[in-house]
Amino acid sequence: MKKKFAMLVALTLAAGAFSVSAKEEAAASKPDHQKMMKHVEKINGQVAKVEGNISSLTRKEVMLKPDSLKGVTDEKWSKLHAYSDKGGTIRRLRVYPMKGSEKTEEFYYNKGNLMFVFLEKNGADKEGHDANAKGTKYYFDKSGLFAVIEPDGSMMHDMDAKTKVMGEKLQRESKALRDAAK
């Protein structure tokens with residue numbers, strides 16, 4: 001009887017320790033999520049600031065050849081608009097598709113670093129940024145892609161290999177487009 005009681009106590013303590021660990025883990029991840037959301041909101045504010053000041057930026061249009069980004073992306077872009085501040089620093093790039101596609105991509109920069117990419121499936125007919133547009137939002141920091149918000153507004157919590165590859169592709173594409181805009 002004492003053995004059974006001791007075993008029951010040991011199992012209860014082990015279960016209690018496990019539940020404390022699970023609670024601690026959940027509590028530990030909550031600040032990380034909150035920190036990430038604050039960073040996302042900060043970037044959203046920076047993007048809004050770029051858009052709010054778009055008329056004070058210098059726009060340069062570059063016509064792209066269909067294979068001009070071969071090896072970087074499979075996308076076929078026809079032109080890009082680069083928006084630079086008075087110091088010549090690119091703050092925003094927008095690429096437009098070849099005929100037959102409606103997809104656009106917008107790249108935003110802070111101090112020369114990629115911070116945000118917006119992919120819109122049907123943005124080709126829009127000249128400027130549409131705050132109400134539905135698309136996928138990619139958020140970057142110095143380490144790379146750290147958050148993705150789907151068109152329905154939900155945040156992708158677990159970035160699978162495919163999403164990480166997309167983040168790397170967008171970073172390569174950003175560099176190639178910036179080079180093309182020079």
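In this predicted model, Lys-182 forms a salt bridge with Asp-179. The closest N and O atoms of this pair are 3.6 Å apart. Lys-182 has a relative accessible area of 74%. That value is over 50%, so Lys-182 counts as exposed. Asp-179 also forms a salt bridge with Lys-175. Here the closest N and O atoms are 3.2 Å apart. Asp-179 thus takes part in salt bridges with both Lys-182 and Lys-175.

Lys-175 and Asp-179 both belong to helix H2. Four residues separate them in position, about one turn of the helix. Their exposure was also computed. Lys-175 has a relative accessibility of 54%, so this residue is classed as exposed. Asp-179 reaches 39% and is partly exposed, because this value falls between the 20% and 50% limits.

Another salt bridge joins the side chains of Arg-59 and Glu-61. The N to O distance is 3.9 Å, which is within the 4 Å cut-off for a salt bridge. Arg-59 is partly exposed at 41% relative accessibility. Glu-61, with a relative accessible area of 40%, is partly exposed as well.

Salt bridges also link residues into a network. Its members are Glu-75, Lys-103, Glu-105, Lys-169 and Glu-173. In total, the structure holds 11 salt bridges.

The nonpolar residues were examined next. In soluble globular proteins, nonpolar side chains tend to be buried together. The largest nonpolar core of the model has 23 residues. Those with the most contacts inside this core are Leu-80, Leu-93, Phe-107, Val-117, Tyr-138, Leu-170 and Leu-177. Six strands and one helix each give two or more residues to the core: S2 (77-84), S3 (90-97), S4 (104-110), S5 (113-120), S6 (136-141), S7 (144-149) and helix H2 (161-181). Helix H2 gives the most, with five residues. The helix that holds the Lys-175 and Asp-179 pair is therefore also a contributor to this core.

The surroundings of Leu-93 show the core in detail. Neighbours within four places in sequence are left aside here. Leu-93 is in contact with Leu-80, Phe-107 and Leu-177, among others. These three are also listed among the core residues with the most contacts. Other contacts of Leu-93 include His-81, Ala-82, Glu-105, Glu-106 and Tyr-109. Further along the sequence, Leu-93 touches Ser-174, Arg-178 and Ala-181. Glu-105, one of these contacts, also belongs to the salt-bridge network.

Another core lies apart from the largest one. This core has 17 residues, among them Val-50, Met-115, Ala-147 and Met-155.

Conventions
Residues numbered from 1 in each chain as written. Predicted model: local features only at pLDDT ≥ 70, side-chain atom pairs only at ≥ 80, totals over all residues. Heavy atoms only, no water. Core = buried A, V, L, I, M, F, W, Y, C linked by side-chain atoms within 4.5 Å. Buried < 20%, exposed > 50% of the residue type's maximum accessible area, 1.4 Å probe, protein only. Contact = heavy atoms within 4.5 Å.
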